[in-house]
Amino acid sequence: MRRSRHLMSALAVAGLLLAGCAPESDSAKPTPAFSSIEGYRSQKADWGACDSEWFIKKDRFSSAFTTTVAKCASVKVPAVYDASAELPDFAIAMMMLPTTGKAPKKGVLFLNPGGPGESGVDEVQWIDIPQAVRDRYDIIGFDPRGVKHSQPVSGGNIGCADKLDFATYWVLDGPVRNAADAKLAKAASDEYFADCKKRNPAWWVLGTKNVVQDLDVMREITGGDAPLDFFGSSYGTTIAAEYIRAFPQHVGHITLNSPTDNSSDDYAHAITQAKAREAAILRFVDGYAKAKKKTRAQVQGMMLQVSTWAAEGK
C-alpha cells in the first residue's frame, strides 16, 4: 500500500527508517550462518536462474530486459552488526544483469529505487540503463532487508495487518477538514504502528544503518576489494549518504537522484516544509482564481469537494 510507504517515510525522519515491520523470532534460539562478520563477507554469490516469482509483469520490462539474461542470488546477513542478538539472519535478494560489452568490465553498479520499501529487484527489470553503462558494468538491483524478497531465513516474512494498512490510507486518509479529522487520522496511524510493533518485536533491525552494512557485504561478495558504484533514487540517496559516512574508504562512483533531506528530525523542520508546500499550492490557487474570476476561498472549496469525491470513490 502507498500509505505504508508514507508512514515509513515519517518514521525515517524520526530516525527509525523502517522498510516495514520485522518478524517474531522462533521459540528456539536462531543459529547464525557464521560466527563472525568476516564469515558473512566471505560468502560466494551462487548466481543462477531467477525464481519466476521475482519477475514483475512483462509489460513493465524495459526494452533491454529479458528473463533469460537476468541472474539471481541471495546472500545471508546478520540481523545486527554491532551486538549479538538471538534473531535469525536475513537472506538479501539480488538480481543481476551481466555486462553486455566486449570491453573490459569496470565493475558492479548497484541500484536502489527508494521508498523506503521499494524493490531493487523490481527496479533492475524496468529501469532504462544507457547501453554505455550496460557494456561496462554488471547491474545489480537488491531488496533491502524486510522488502519483498529479502526476508528472514527463518521463514517468518515481514508483515503487518492489511486491514489496518488499508484503513490508514484508503479509508481515513481523506481530506483533513478540521481537528476532528486530524485526530481520527492520527489515531488510525497510531493503531497501525502499535499493531505492527506487537506482531514484529524485532522491527528495529530494519534501520538504514543495517541496510548500509548489508550493502557493503554485497559489495565485497560481488566485487572483492573494488569500491562501491551505486545509483540511488529518493530514499536510496539516504542509503548512499549513510554508506559514504560509514565506509568512505570504499566509495566509488555514487549517483544521487532526487536526494532526500534528512537534516533534521524535529517537528519544526516538518512544519517549515509544510508551510513551504502550502505557499506553493496557494500560488497555483490564486493564479487559477484570477483566471476564473473567483476568490481563493471558492477555489479551495472546489479542491476540497473534488478530494472528498475521490475519498468517497465518486
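This passage describes the overall make-up, the aromatic pairs and the salt bridges of a predicted model.

The chain comprises 314 residues, of which 42% are buried. Its secondary structure consists of 10 helices and 7 strands. Among the contacts in the chain with a separation of 6 or more, 74% are between residues 24 or more positions apart. The accessible surface of the chain amounts to about 17,400 Å², and carbon and sulfur atoms contribute 55% of this area.

Aromatic side chains were examined next. A pair of aromatic rings is described by the distance of the centres and the angle of the planes. In total, 6 aromatic pairs are present in the structure. One of these is formed by Phe110 and Phe142, whose ring centres lie 6.3 Å apart; the pair is classed as edge-to-face because the planes meet at 75°, an angle over the 60 degrees required for that class. This pair links distant parts of the chain, since Phe110 belongs to strand 3 (residues 107-112) and Phe142 to strand 4 (residues 137-142), with their positions 32 residues apart in sequence. Phe110 has a relative accessible area of 2% and is therefore buried, the limit for this class being under 20%. Phe142 likewise counts as buried, because its relative accessibility is 1%.

A further pair involves Tyr243 and Phe247, with ring centres 5.2 Å apart and planes at 40°, so this arrangement is tilted. Both Tyr243 and Phe247 are buried. In addition, one aromatic cluster is made up of Phe55, Phe61 and Phe65.

Charged side chains contribute 11 salt bridges to the structure. In one of them, Arg41 is paired with Asp216, and the closest N and O atoms are 2.9 Å apart. Arg41 is located in helix 2 (residues 37-41), whereas Asp216 is located in helix 7 (residues 208-223); the salt bridge therefore ties together parts of the chain that are 175 residues apart in sequence. Both partners fall in the buried class: Arg41 has a relative accessibility of 16%, and Asp216 has a relative accessible area of 0%.

Arg41 also forms a salt bridge with Glu220, for which the closest N and O atoms are again 2.9 Å apart. Because Glu220 lies in helix 7 and Arg41 in helix 2, this pair ties together parts that are 179 residues apart in sequence. Glu220 has a relative accessible area of 28% and is therefore partly exposed, a class that lies between the limits of 20% and 50%.

Another salt bridge is found within a single helix. Glu242 and Arg245 are both part of helix 8 (residues 235-246), where they are 3 residues apart, about one turn of the helix. The closest N and O atoms of Glu242 and Arg245 are 3.3 Å apart. The two residues differ in their exposure class: Glu242 is partly exposed, with a relative accessible area of 22%, while Arg245 is exposed, with a value of 61%. Elsewhere, Arg41, Asp216, Arg219 and Glu220 are joined into one network by salt bridges that share partners.

Key. Residues are numbered from 1 along each chain as its sequence is written. This is a predicted model: local features need pLDDT of at least 70, side-chain atom pairs count only at pLDDT 80 or more; totals for chains, interfaces and linings use all residues. Side-chain values use heavy atoms; hydrogens and water are left out. Helices (H or I, at least four residues) and strands (E, at least two) are DSSP runs, numbered from the N terminus. Buried means under 20% relative accessible area, exposed over 50%, partly exposed in between (1.4 Å probe, protein chains only). Contact means heavy atoms within 4.5 Å. Accessible areas come from the Shrake-Rupley method with a 1.4 Å probe; for residues, only the protein chains shown count as cover. Rings of Phe, Tyr and Trp (its six-membered ring) pair if their centres lie within 6.5 Å; planes under 30 degrees apart count as stacked, over 60 as edge-to-face and the rest as tilted. A salt bridge is a side-chain nitrogen of Lys or Arg within 4 Å of a carboxyl oxygen of Asp or Glu.
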